[in-house]
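I opened my notebook to look over one chain. I wrote down each thing as I looked it up.

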Amino acid sequence: MKLTTRGRYAVTAMLDLALHETGGPVALGDISARQDISLSYLEQIFSRLRRGGLVLSTRGPGGGYRLSRDAADISVAQVVDAVDENVEYTRCGGLENCQNQQRCLTHDLWASLSEHVRSFLDEVTLARLMERPAVREVAARQDAAPIHWADSPVELENR
């Protein structure tokens with residue numbers, strides 16, 4: 001398994017959303033600026049997250065996204081699934097046709113690893129990540145740092 005950029009960015013963006021939604025819907029532009037993720041890429045990711053039932057959108061002034069349920073009820077595995085990522089270490093994707101349409105010598109090893117990774121991601125929720133001191137420290141640093149939109153620094157706290 002190689003978690004792609006889409007999966008990593010989806011988890012990062014959802015954690016950012018969970019950390020910042022207390023003030024109402026969060027604009028993708030704010031997440032984009034804080035996390036240095038392309039706005040157009042975030043729009044694609046959030047379209048999938050919305051279809052997956054993990055976020056709700058609000059249109060208009062003051063609009064943006066919010067979690068569809070409590071952060072304690074959203075696992076990292078659900079986020080990865082919503083953006084169509086596959087947590088699978090076997091070469092065959094679990095189909096047991098790894099070598100000449102048959103099971104390879106190390107299939108069980110990689111299948112077991114896939115199960116462990118999946119189980120771990122199922123157990124980790126956004127709320128658990130938010131509780132980590134290192135996550136809080138990074139979020140505080142990002143919130144305090146000036147960001148650049150159209151070559152003009154803007155403090156997030158003034159937005």
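**Charges, then the rest**

I began with the charges of this predicted model. The chain has 18 positive and 22 negative charges. I looked up the mean position of each set, and the two lie 4 Å apart.

Next I went through the elements. I found 7 helices and 4 strands in the chain. I then read their order from the N terminus: α-α-α-β-β-α-α-α-α-β-β. That order opens with three helices, followed by two strands. Four helices come after those, and two strands end the run.

Then I checked the dimensions. The C-alpha trace spans about 60 × 30 × 25 Å along its principal axes.

I turned to the contacts. I took those with a separation of 6 or more. Of these, 60% join residues 24 or more positions apart.

Surface and interior came next. The chain has 159 residues, and 39% of them are buried. The chain exposes about 9400 Å². I noted that carbon and sulfur atoms supply 48% of that area.

Which residues make the nonpolar surface patch of about 260 Å²? I looked, and they are Leu109, Trp110 and Leu113.

I picked Trp110 for a closer look. I found Trp110 in helix 5, which covers residues 107–123. Is Trp110 buried, partly exposed or exposed? Its relative accessibility is 35%. Buried means under 20% and exposed means over 50%. Trp110 falls in between, so I put it down as partly exposed.

Key. Residues numbered from 1 in each chain as written. Predicted model: local features only at pLDDT ≥ 70, side-chain atom pairs only at ≥ 80, totals over all residues. Heavy atoms only, no water. Patch = residues over 30% accessible without salt bridge, like charges linked within 9 Å, V, L, I, M, F, W, Y side chains within 5 Å. Areas by Shrake-Rupley, 256 points an atom, 1.4 Å probe, with all protein chains shown as cover. Salt bridge = Lys/Arg side-chain N within 4 Å of Asp/Glu carboxyl O. Buried < 20%, exposed > 50% of the residue type's maximum accessible area, 1.4 Å probe, protein only. Contact = heavy atoms within 4.5 Å. Lys, Arg positive; Asp, Glu negative; His and termini not counted. Charge placed at Lys NZ, Arg CZ, Asp CG, Glu CD.
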